[in-house]
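Student: Could you walk me through this structure, one question at a time?
Tutor: Gladly; here is the structure to look at.

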Amino acid sequence: MSIPLLFLITAVVSLGSKAFLKLCSNILTQNSVAKYSLILIINSFVACLFFGIFGSFKIAVNRATFLYSVIYAVIAAVSIISGVVVYRYASISNVNVVSSSCGMICTAIVGWIFFTEKVDRLNIIRLIIMLVAIVFVFFDQKKKESAIKPTMERKKGDLFSLAIIITIITVCGCANTVVLKAFAMSKKVTDENSFFFLTNVFLLIVALTIFMAECIQKKGEFKNSAELLHPKKLIAIGGNTVCSNISSLVSVLIVAQLDVSIYSPISSALGIIVGLVGSLIFRERLGVFAYIAAAVACVAVVI
């Protein structure tokens, strides 16, 4: 399958994933360890079914695949939870511009250090432009907070919380690319389908353990969390899982053929475009700085 087609598939499923994540964020209105655990349980169960069916339930495991799966399970868990929480603080477009820009910078550095990829002047210029895009996004977020201040009390920690969550998402995105690239290059592992299946088995076991512990310790927590089992909410969680799984499989195929320093800018550009489309779908109001940030980021990835 050609690389342009693989990137097109990635863009389509990424849009679906962003939409389902936004729906998940809307239905999860309060912080609850049990609810987050239940989301991971549903996510992991659906993913196990997906990869099991996709691979005709032929799972091959060895030591190397086992270790990669454990590491990737941690990255996936943090990514899922942070991805659900972040849309409380910013629009889909702003989140994507910042995470894509930061991810591009982080991944480029990783490519230079760990995969000995070439460092040139164009890459440096591109990274500087991406930093400018990030600044514009935070200007946009600050302007929104100032606009709503007369009508409702502003949460002082919102911008700081957004920065923290974006940082976590960036680190996870960078780690995700590194692990996938290392897995694709390794000759000791079995296959990507078994790798992802085993990853979700680990996620399911840990999430189920945490959920049971929370329900035992806190009275009424099970009933409170059970509202996530409503069909519409299950569709939102399951839909995001399926889209993310398809994206993961396609990403392995891409990074196996491209350098990280090439893959990162292209995926960042797609992320920005998908973010803008997602914001339009959900009718999110975007300020002028958000459009400037997106335009600046697009310049960085096409030069």
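Tutor: Buried means under 20% relative accessible area, exposed over 50%, and partly exposed in between (1.4 Å probe, protein chains only). This is a predicted model, where local features need pLDDT of at least 70, side-chain atom pairs count only at pLDDT 80 or more, and totals for chains, interfaces and linings use all residues. Residues are numbered from 1 along each chain as its sequence is written, and side-chain values use heavy atoms, with hydrogens and water left out.

Student: Is cysteine 174 buried or exposed?
Tutor: Its relative accessible area is 5%. Because buried means under 20%, cysteine 174 is buried.

Student: How many disulfides are there?
Tutor: A disulfide is a pair of cysteine sulfur atoms within 2.5 Å. By this rule, the count is zero.

Student: Which helix supplies the largest share of the largest nonpolar core?
Tutor: A nonpolar core is a set of buried Ala, Val, Leu, Ile, Met, Phe, Trp, Tyr and Cys residues joined through side-chain atoms within 4.5 Å. The largest one has 24 residues, and Phe51 and Tyr72 are among those with the most contacts inside it. Helices are DSSP runs (H or I, at least four residues), numbered from the N terminus. Five residues of this core, its largest share, come from H9.

Student: Which residues does tyrosine 72 contact, apart from its neighbours within four places in sequence?
Tutor: Contact means heavy atoms within 4.5 Å. With those neighbours left aside, the partners of tyrosine 72 are Asn176, Val179, Leu180, Phe195, Phe196, Thr199 and Ser248.

Definitions and conventions: Helix = DSSP H or I, 4+ residues; strand = E, 2+ residues; numbered from the N terminus.
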